[in-house]
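Me: I would like to go through this structure with you and ask, for several of its descriptions, what they rest on. Please set each value against its criterion before you conclude.

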Amino acid sequence: MSRESSQSTANRPHRVTMIVDEGSNPFEMGVATELFGLRRPELDRPWYDFTLSAAAPALRMHAGLFTLSGVNGLEAVDDADTVIVPNRPDPLVRPPQAVLDAVRRSAGRGARLVSFCTGAFVLAEAGVLDGRRATTHWRWADTFAARHPGVRLEPDVLFVDDGDVLTAAGSATALDLGLHLIRRDHGADVVNAVSRRLVFAAHRDGGQRQFIERPVPDAPDTSLAPLLAWAQERLDRPLTVADLAAQAAVSPATLHRRFAAQLGTTPLAWLTTERVVLACRLIERGEQGLDRVARLTGLGTAANLRTRLRRQTGLTPTAYRRRFGPPPEDRGHGPQGAGEGPEGERGAIRHAGNRAGGVRERHDGSRIER
(Lines give C-alpha, C1' and ligand atoms only; values in the text may rest on other atoms or scores of the structure.)
Protein backbone atom coordinates (compact mmCIF):
# COMPACT_ATOMS: atom_id res chain seq x y z
CA MET A 1 0.00 0.00 0.00
CA SER A 2 1.42 3.40 -0.95
CA ARG A 3 2.03 6.11 1.62
CA GLU A 4 -0.75 8.18 0.05
CA SER A 5 -3.32 5.39 0.24
CA SER A 6 -2.21 4.51 3.77
CA GLN A 7 -2.69 8.10 4.85
CA SER A 8 -6.11 8.18 3.21
CA THR A 9 -7.34 5.58 5.74
CA ALA A 10 -6.47 7.79 8.71
CA ASN A 11 -10.05 9.03 9.12
CA ARG A 12 -11.68 5.60 9.28
CA PRO A 13 -11.11 2.31 11.11
CA HIS A 14 -8.71 -0.19 9.63
CA ARG A 15 -10.80 -2.67 7.63
CA VAL A 16 -10.17 -6.39 8.11
CA THR A 17 -12.00 -8.88 5.92
CA MET A 18 -11.77 -12.64 6.36
CA ILE A 19 -12.68 -14.85 3.43
CA VAL A 20 -14.57 -18.00 4.41
CA ASP A 21 -14.74 -20.96 2.04
CA GLU A 22 -16.52 -24.29 1.86
CA GLY A 23 -15.14 -26.55 4.58
CA SER A 24 -13.25 -23.79 6.41
CA ASN A 25 -12.35 -24.43 10.04
CA PRO A 26 -14.63 -22.38 12.34
CA PHE A 27 -11.85 -22.04 14.92
CA GLU A 28 -9.79 -19.71 12.73
CA MET A 29 -12.94 -17.74 11.93
CA GLY A 30 -13.61 -17.44 15.65
CA VAL A 31 -10.07 -16.26 16.33
CA ALA A 32 -10.32 -13.50 13.73
CA THR A 33 -13.76 -12.47 14.99
CA GLU A 34 -12.56 -12.35 18.60
CA LEU A 35 -9.43 -10.34 17.85
CA PHE A 36 -10.64 -7.92 15.20
CA GLY A 37 -14.44 -7.95 15.41
CA LEU A 38 -15.16 -7.71 19.13
CA ARG A 39 -15.74 -4.18 20.39
CA ARG A 40 -13.20 -3.05 23.00
CA PRO A 41 -14.51 0.08 24.73
CA GLU A 42 -11.99 -0.35 27.54
CA LEU A 43 -9.22 0.65 25.10
CA ASP A 44 -10.79 4.07 24.46
CA ARG A 45 -9.87 4.09 20.77
CA PRO A 46 -11.49 3.11 17.48
CA TRP A 47 -11.06 -0.58 16.77
CA TYR A 48 -11.00 -2.56 13.55
CA ASP A 49 -13.91 -2.70 11.11
CA PHE A 50 -14.24 -6.48 10.69
CA THR A 51 -16.31 -8.38 8.13
CA LEU A 52 -16.66 -11.92 6.81
CA SER A 53 -16.95 -12.57 3.09
CA ALA A 54 -17.53 -15.59 0.89
CA ALA A 55 -17.87 -16.51 -2.76
CA ALA A 56 -21.25 -18.19 -2.13
CA PRO A 57 -24.31 -16.93 -0.23
CA ALA A 58 -24.28 -20.04 1.98
CA LEU A 59 -21.58 -22.63 2.64
CA ARG A 60 -20.98 -25.55 4.94
CA MET A 61 -18.22 -25.23 7.48
CA HIS A 62 -15.73 -27.97 8.33
CA ALA A 63 -17.24 -31.48 8.46
CA GLY A 64 -20.68 -30.02 7.80
CA LEU A 65 -20.99 -28.91 11.40
CA PHE A 66 -23.13 -25.94 10.40
CA THR A 67 -24.00 -23.75 7.44
CA LEU A 68 -22.82 -20.16 7.32
CA SER A 69 -25.02 -17.63 5.55
CA GLY A 70 -25.71 -13.93 5.51
CA VAL A 71 -22.08 -12.84 5.09
CA ASN A 72 -20.77 -10.33 2.58
CA GLY A 73 -19.80 -11.27 -0.94
CA LEU A 74 -16.22 -11.11 -2.15
CA GLU A 75 -16.68 -7.45 -3.11
CA ALA A 76 -15.96 -6.68 0.56
CA VAL A 77 -12.39 -7.88 -0.02
CA ASP A 78 -11.75 -5.02 -2.44
CA ASP A 79 -12.24 -2.43 0.34
CA ALA A 80 -10.17 -4.19 3.01
CA ASP A 81 -6.84 -2.99 4.38
CA THR A 82 -6.09 -6.49 5.70
CA VAL A 83 -7.38 -9.65 4.01
CA ILE A 84 -7.35 -13.00 5.84
CA VAL A 85 -7.60 -15.91 3.43
CA PRO A 86 -9.41 -19.19 4.23
CA ASN A 87 -7.66 -22.31 5.45
CA ARG A 88 -8.02 -25.37 3.23
CA PRO A 89 -9.63 -28.57 4.59
CA ASP A 90 -7.80 -30.34 1.76
CA PRO A 91 -4.85 -28.24 0.55
CA LEU A 92 -4.61 -30.34 -2.61
CA VAL A 93 -7.99 -29.03 -3.80
CA ARG A 94 -7.60 -25.75 -5.65
CA PRO A 95 -9.50 -22.82 -4.10
CA PRO A 96 -12.37 -21.30 -6.10
CA GLN A 97 -11.15 -19.05 -8.89
CA ALA A 98 -13.19 -16.13 -7.50
CA VAL A 99 -11.26 -16.38 -4.22
CA LEU A 100 -7.89 -16.47 -5.99
CA ASP A 101 -8.87 -13.47 -8.10
CA ALA A 102 -9.89 -11.52 -4.99
CA VAL A 103 -6.56 -12.31 -3.32
CA ARG A 104 -4.61 -11.22 -6.41
CA ARG A 105 -6.54 -7.94 -6.58
CA SER A 106 -5.79 -7.32 -2.90
CA ALA A 107 -2.09 -7.96 -3.43
CA GLY A 108 -2.07 -5.68 -6.45
CA ARG A 109 -3.42 -2.72 -4.52
CA GLY A 110 -1.09 -3.30 -1.55
CA ALA A 111 -3.45 -4.74 1.06
CA ARG A 112 -1.94 -6.72 3.92
CA LEU A 113 -2.47 -10.46 3.36
CA VAL A 114 -2.75 -12.98 6.20
CA SER A 115 -3.17 -16.75 6.27
CA PHE A 116 -3.82 -19.16 9.10
CA CYS A 117 -2.71 -22.81 8.94
CA THR A 118 -3.23 -24.24 5.43
CA GLY A 119 -4.38 -20.84 4.18
CA ALA A 120 -0.80 -20.45 2.95
CA PHE A 121 -1.81 -22.76 0.08
CA VAL A 122 -4.38 -20.15 -0.99
CA LEU A 123 -1.77 -17.39 -1.05
CA ALA A 124 0.63 -19.63 -2.95
CA GLU A 125 -2.02 -20.67 -5.49
CA ALA A 126 -2.78 -16.98 -6.03
CA GLY A 127 0.90 -16.44 -6.84
CA VAL A 128 1.56 -13.85 -4.14
CA LEU A 129 4.15 -15.89 -2.18
CA ASP A 130 6.74 -16.45 -4.92
CA GLY A 131 10.16 -15.47 -3.61
CA ARG A 132 8.76 -14.64 -0.17
CA ARG A 133 9.05 -16.17 3.29
CA ALA A 134 6.08 -18.15 4.60
CA THR A 135 5.07 -21.03 6.85
CA THR A 136 2.25 -23.54 7.07
CA HIS A 137 1.20 -26.47 9.24
CA TRP A 138 4.01 -28.95 9.81
CA ARG A 139 1.88 -31.86 8.50
CA TRP A 140 1.65 -30.20 5.09
CA ALA A 141 5.12 -28.63 4.91
CA ASP A 142 6.65 -31.22 2.56
CA THR A 143 3.61 -31.10 0.26
CA PHE A 144 3.69 -27.31 0.22
CA ALA A 145 7.41 -27.22 -0.59
CA ALA A 146 6.94 -29.68 -3.46
CA ARG A 147 3.97 -27.82 -4.95
CA HIS A 148 5.37 -24.32 -4.47
CA PRO A 149 9.18 -24.46 -4.74
CA GLY A 150 9.37 -20.71 -5.38
CA VAL A 151 8.24 -19.94 -1.83
CA ARG A 152 10.87 -19.64 0.91
CA LEU A 153 9.14 -21.99 3.32
CA GLU A 154 10.09 -21.90 7.01
CA PRO A 155 8.47 -25.12 8.21
CA ASP A 156 9.37 -25.09 11.91
CA VAL A 157 8.22 -21.66 13.11
CA LEU A 158 4.94 -20.44 14.62
CA PHE A 159 4.42 -17.64 12.13
CA VAL A 160 6.28 -15.56 9.58
CA ASP A 161 6.01 -11.78 9.21
CA ASP A 162 7.20 -10.88 5.72
CA GLY A 163 5.99 -7.29 5.81
CA ASP A 164 2.67 -7.12 3.99
CA VAL A 165 2.25 -10.91 3.86
CA LEU A 166 1.99 -12.86 7.11
CA THR A 167 1.43 -16.59 7.57
CA ALA A 168 0.65 -18.64 10.70
CA ALA A 169 1.49 -22.31 11.00
CA GLY A 170 -1.63 -23.73 12.63
CA SER A 171 -5.00 -23.07 14.21
CA ALA A 172 -3.69 -22.08 17.64
CA THR A 173 -0.92 -19.95 16.15
CA ALA A 174 -3.64 -17.85 14.53
CA LEU A 175 -3.92 -16.29 17.99
CA ASP A 176 -0.18 -15.63 18.10
CA LEU A 177 -0.18 -14.01 14.67
CA GLY A 178 -3.37 -12.05 15.37
CA LEU A 179 -1.88 -10.59 18.54
CA HIS A 180 1.31 -9.85 16.62
CA LEU A 181 -0.75 -7.84 14.11
CA ILE A 182 -2.44 -5.91 16.92
CA ARG A 183 0.99 -5.19 18.39
CA ARG A 184 2.18 -3.92 15.00
CA ASP A 185 -0.87 -1.71 14.64
CA HIS A 186 -1.37 -0.49 18.21
CA GLY A 187 1.71 -1.21 20.32
CA ALA A 188 2.64 -3.32 23.35
CA ASP A 189 0.26 -1.83 25.93
CA VAL A 190 -2.80 -2.42 23.77
CA VAL A 191 -1.89 -5.99 22.87
CA ASN A 192 -1.25 -6.73 26.55
CA ALA A 193 -4.74 -5.46 27.39
CA VAL A 194 -6.27 -7.63 24.65
CA SER A 195 -4.31 -10.73 25.73
CA ARG A 196 -5.38 -10.24 29.36
CA ARG A 197 -9.00 -10.22 28.22
CA LEU A 198 -8.33 -13.40 26.24
CA VAL A 199 -6.40 -14.95 29.17
CA PHE A 200 -3.70 -15.78 26.64
CA ALA A 201 0.03 -15.15 26.47
CA ALA A 202 0.66 -11.71 24.96
CA HIS A 203 3.75 -12.75 23.05
CA ARG A 204 5.19 -15.91 21.62
CA ASP A 205 7.91 -15.06 19.16
CA GLY A 206 7.16 -16.24 15.65
CA GLY A 207 10.54 -17.96 15.43
CA GLN A 208 9.65 -20.51 18.10
CA ARG A 209 9.26 -24.06 16.91
CA GLN A 210 5.81 -25.34 15.96
CA PHE A 211 6.02 -28.77 17.46
CA ILE A 212 8.32 -30.35 20.01
CA GLU A 213 7.87 -34.10 20.10
CA ARG A 214 8.60 -35.48 23.55
CA PRO A 215 7.28 -38.35 25.72
CA VAL A 216 4.78 -37.63 28.46
CA PRO A 217 6.79 -37.54 31.70
CA ASP A 218 6.09 -40.07 34.47
CA ALA A 219 5.71 -37.16 36.90
CA PRO A 220 4.64 -33.59 36.12
CA ASP A 221 7.60 -31.44 35.16
CA THR A 222 8.28 -28.32 37.19
CA SER A 223 6.49 -25.36 35.64
CA LEU A 224 8.59 -22.42 34.55
CA ALA A 225 5.86 -19.96 35.56
CA PRO A 226 7.35 -19.01 38.98
CA LEU A 227 10.79 -18.49 37.43
CA LEU A 228 9.39 -16.38 34.60
CA ALA A 229 7.46 -14.19 37.04
CA TRP A 230 10.60 -13.80 39.18
CA ALA A 231 12.67 -12.76 36.17
CA GLN A 232 10.05 -10.33 34.84
CA GLU A 233 10.24 -8.40 38.11
CA ARG A 234 14.03 -8.07 37.74
CA LEU A 235 14.53 -7.16 34.09
CA ASP A 236 16.48 -4.05 35.08
CA ARG A 237 19.18 -6.27 36.57
CA PRO A 238 21.98 -7.99 34.64
CA LEU A 239 20.36 -11.44 34.74
CA THR A 240 22.15 -14.30 33.06
CA VAL A 241 21.15 -17.84 32.21
CA ALA A 242 23.23 -18.94 35.18
CA ASP A 243 21.17 -16.63 37.43
CA LEU A 244 17.94 -18.13 36.12
CA ALA A 245 19.24 -21.65 36.62
CA ALA A 246 20.32 -20.85 40.17
CA GLN A 247 16.90 -19.41 40.99
CA ALA A 248 15.23 -22.55 39.60
CA ALA A 249 17.76 -24.72 41.48
CA VAL A 250 18.75 -26.61 38.34
CA SER A 251 21.77 -26.72 36.10
CA PRO A 252 21.95 -24.44 33.04
CA ALA A 253 21.67 -27.53 30.81
CA THR A 254 18.45 -28.61 32.59
CA LEU A 255 17.07 -25.10 32.31
CA HIS A 256 17.72 -25.09 28.57
CA ARG A 257 15.87 -28.40 28.23
CA ARG A 258 12.87 -27.08 30.17
CA PHE A 259 12.70 -23.88 28.12
CA ALA A 260 12.86 -25.90 24.89
CA ALA A 261 10.17 -28.31 26.10
CA GLN A 262 7.76 -25.76 27.60
CA LEU A 263 8.35 -22.60 25.57
CA GLY A 264 10.12 -23.76 22.41
CA THR A 265 12.91 -21.23 22.89
CA THR A 266 16.09 -20.64 24.90
CA PRO A 267 16.39 -18.84 28.26
CA LEU A 268 18.48 -16.06 26.72
CA ALA A 269 16.09 -15.53 23.80
CA TRP A 270 13.12 -15.39 26.18
CA LEU A 271 14.91 -12.93 28.45
CA THR A 272 15.85 -10.66 25.54
CA THR A 273 12.29 -10.68 24.21
CA GLU A 274 10.90 -9.72 27.63
CA ARG A 275 13.38 -6.85 27.87
CA VAL A 276 12.35 -5.51 24.45
CA VAL A 277 8.64 -5.79 25.30
CA LEU A 278 9.28 -3.78 28.47
CA ALA A 279 11.23 -1.20 26.46
CA CYS A 280 8.29 -0.84 24.07
CA ARG A 281 5.92 -0.21 26.95
CA LEU A 282 8.21 2.43 28.46
CA ILE A 283 8.49 4.25 25.14
CA GLU A 284 4.72 4.10 24.67
CA ARG A 285 4.23 5.65 28.10
CA GLY A 286 6.45 8.60 27.28
CA GLU A 287 9.93 7.71 28.49
CA GLN A 288 12.25 9.77 26.30
CA GLY A 289 15.85 8.87 27.11
CA LEU A 290 17.08 5.76 25.35
CA ASP A 291 19.91 5.35 27.86
CA ARG A 292 17.35 5.31 30.66
CA VAL A 293 15.08 2.86 28.82
CA ALA A 294 18.06 0.60 28.17
CA ARG A 295 19.01 0.75 31.85
CA LEU A 296 15.48 0.08 33.13
CA THR A 297 15.10 -2.93 30.84
CA GLY A 298 18.51 -4.48 31.35
CA LEU A 299 19.50 -3.97 27.72
CA GLY A 300 22.52 -2.01 28.86
CA THR A 301 23.15 0.59 26.19
CA ALA A 302 21.11 2.73 23.82
CA ALA A 303 22.93 1.08 20.91
CA ASN A 304 21.88 -2.40 22.05
CA LEU A 305 18.32 -1.15 22.61
CA ARG A 306 18.18 0.20 19.04
CA THR A 307 19.47 -3.08 17.62
CA ARG A 308 17.11 -5.28 19.63
CA LEU A 309 14.05 -3.09 19.09
CA ARG A 310 14.58 -2.96 15.35
CA ARG A 311 15.16 -6.70 15.15
CA GLN A 312 11.97 -7.52 17.07
CA THR A 313 9.59 -4.81 15.80
CA GLY A 314 11.17 -3.69 12.53
CA LEU A 315 11.15 -0.09 13.80
CA THR A 316 13.79 2.28 15.14
CA PRO A 317 13.11 3.86 18.54
CA THR A 318 12.27 7.10 16.72
CA ALA A 319 9.72 5.39 14.50
CA TYR A 320 8.30 3.39 17.39
CA ARG A 321 7.81 6.50 19.52
CA ARG A 322 6.31 8.40 16.61
CA ARG A 323 3.88 5.59 15.94
CA PHE A 324 2.90 4.45 19.42
CA GLY A 325 4.09 7.08 21.90
CA PRO A 326 1.92 9.77 23.50
CA PRO A 327 1.45 13.12 21.78
CA PRO A 328 4.23 15.62 22.54
CA GLU A 329 2.06 17.57 25.00
CA ASP A 330 1.51 14.41 27.06
CA ARG A 331 5.16 13.43 27.44
CA GLY A 332 5.95 15.46 30.50
CA HIS A 333 9.30 16.92 31.32
CA GLY A 334 11.42 13.86 31.98
CA PRO A 335 14.95 13.36 30.66
CA GLN A 336 15.01 14.27 26.99
CA GLY A 337 17.11 12.55 24.39
CA ALA A 338 19.73 10.90 26.58
CA GLY A 339 21.76 8.66 24.36
CA GLU A 340 19.58 9.27 21.35
CA GLY A 341 21.16 9.31 17.95
CA PRO A 342 21.04 11.63 14.97
CA GLU A 343 17.53 10.56 13.93
CA GLY A 344 15.89 13.64 15.42
CA GLU A 345 14.84 11.99 18.68
CA ARG A 346 16.13 14.84 20.86
CA GLY A 347 13.52 17.33 19.71
CA ALA A 348 9.78 17.24 19.95
CA ILE A 349 8.35 14.50 17.79
CA ARG A 350 5.05 15.05 16.06
CA HIS A 351 2.57 12.35 17.02
CA ALA A 352 1.96 10.28 13.90
CA GLY A 353 0.75 7.08 15.51
CA ASN A 354 -2.19 5.05 14.33
CA ARG A 355 -4.72 5.94 16.99
CA ALA A 356 -7.49 5.93 14.40
CA GLY A 357 -8.18 2.25 14.36
CA GLY A 358 -4.94 0.55 13.42
CA VAL A 359 -3.90 2.60 10.39
CA ARG A 360 -0.34 1.53 9.80
CA GLU A 361 2.69 2.99 8.13
CA ARG A 362 4.01 1.37 4.98
CA HIS A 363 4.24 -2.34 5.45
CA ASP A 364 7.93 -2.51 4.74
CA GLY A 365 8.43 -0.17 7.70
CA SER A 366 6.93 -2.84 9.93
CA ARG A 367 8.88 -5.77 8.61
CA ILE A 368 10.50 -8.02 11.19
CA GLU A 369 14.07 -8.86 10.47
CA ARG A 370 15.49 -12.11 11.81
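Me: What makes Asn 304 partly exposed, as opposed to buried or exposed?

Reply: This is a predicted model, and what follows is computed from it. The relative accessible area of Asn 304 is 26%; since buried means under 20% and exposed over 50%, with partly exposed in between, Asn 304 counts as partly exposed. The residue is placed in helix α13, and its C-alpha atom is separated by 9.9 Å from that of Asp 291, 13 residues apart from it along the chain.

Me: How do you know that the length of helix α13 agrees with its number of residues?

Reply: Helix α13 runs over residues 302–313, which is 12 residues, and the expected span is 16 Å at 1.5 Å a residue. The multiplier is one less than the number of residues. The C-alpha atoms at the two ends of α13 are 16 Å apart, so the expected span and the computed one agree. Following α13 comes Gly 314, with a positive phi near 80°.

Me: Why are the buried residues of α13 said to line one face of the helix?

Reply: The buried residues of α13 are Ala 302, Leu 305, Leu 309, Gln 312 and Thr 313. Viewed down the helix axis, these buried residues fall within an arc of 100°, and therefore they line one face of α13. The general background is that an α-helix has 3.6 residues a turn, so residues three or four places apart point the same way. Among the elements that cover the buried residues of α13 are α11 (267–284), α12 (290–297) and α14 (317–324).

Me: What makes α14 a mostly covered helix?

Reply: Seven of the eight residues of α14 are buried, and it is on this count that α14 is described as mostly covered. The buried residues are Pro 317, Thr 318, Ala 319, Tyr 320, Arg 321, Arg 323 and Phe 324, and their cover includes α6, α7, α11, α12 and α13.

Me: Why does Arg 133 count as buried, and what does its side chain reach?

Reply: The relative accessibility of Arg 133 is 8%, and because the limit for buried is under 20%, Arg 133 counts as buried. Arg 133 has its place in strand β7 (residues 133–134). Its side chain is joined to that of Glu 154 by a polar contact of 2.7 Å, and the side chain of Arg 133 also reaches the backbone oxygen of Asp 161 at 3.2 Å. Both distances, 2.7 Å and 3.2 Å, can be set against the cut-off for a polar contact, within 3.5 Å.

Me: Is Ala 54 buried or exposed, and what does it touch?

Reply: Ala 54 has a relative accessible area of 3%, and because buried means under 20%, Ala 54 is buried. Ala 54 is found in the loop between β2 and β3 (58–60). Not counting residues up to four places away in sequence, Ala 54 touches Val 20, Leu 59, Val 71, Asn 72, Gly 73 and Leu 74.

Me: What is notable about phi in Ala 63 and Cys 117, and how are these two residues classed by accessibility?

Reply: Most residues other than glycine have a negative phi. Phi of Ala 63, however, is positive, near 60°, and Cys 117, which is not a glycine either, has a positive phi of about 55°. Ala 63 lies in the loop between β3 and β4 (67–69) and is exposed, because its relative accessible area of 66% meets the criterion of over 50%. Cys 117 lies in the loop between β6 and α4 (120–125) and is buried, because its relative accessible area of 10% is under 20%.

Me: Which residues have the most contacts inside the largest nonpolar core, and which elements supply it?

Reply: The largest nonpolar core has 34 residues, and those with the most contacts inside it are Met 18, Leu 35, Phe 36, Ile 84, Phe 116, Ile 182 and Val 194. At least two residues of this core come from each of β1 (15–19), α2 (26–37), β2 (49–53), β6 (112–116), β10 (165–168), α6 (173–186) and α7 (188–198), and α6 gives the most, with six residues. Phe 116 touches residues including Met 18, Ile 84, Ala 168 and Leu 177.

Technical notes:
Residues are numbered from 1 along each chain as its sequence is written. This is a predicted model: local features need pLDDT of at least 70, side-chain atom pairs count only at pLDDT 80 or more; totals for chains, interfaces and linings use all residues. Side-chain values use heavy atoms; hydrogens and water are left out. A nonpolar core is a set of buried Ala, Val, Leu, Ile, Met, Phe, Trp, Tyr and Cys residues joined through side-chain atoms within 4.5 Å. Buried means under 20% relative accessible area, exposed over 50%, partly exposed in between (1.4 Å probe, protein chains only). Helices (H or I, at least four residues) and strands (E, at least two) are DSSP runs, numbered from the N terminus. Contact means heavy atoms within 4.5 Å. The arc is that of the directions from the helix axis to the C-beta atoms. A polar contact is a pair of N or O atoms within 3.5 Å; within protein, one must be able to donate a hydrogen and the other to accept it, and residues adjacent in sequence count only if both atoms are side-chain atoms.
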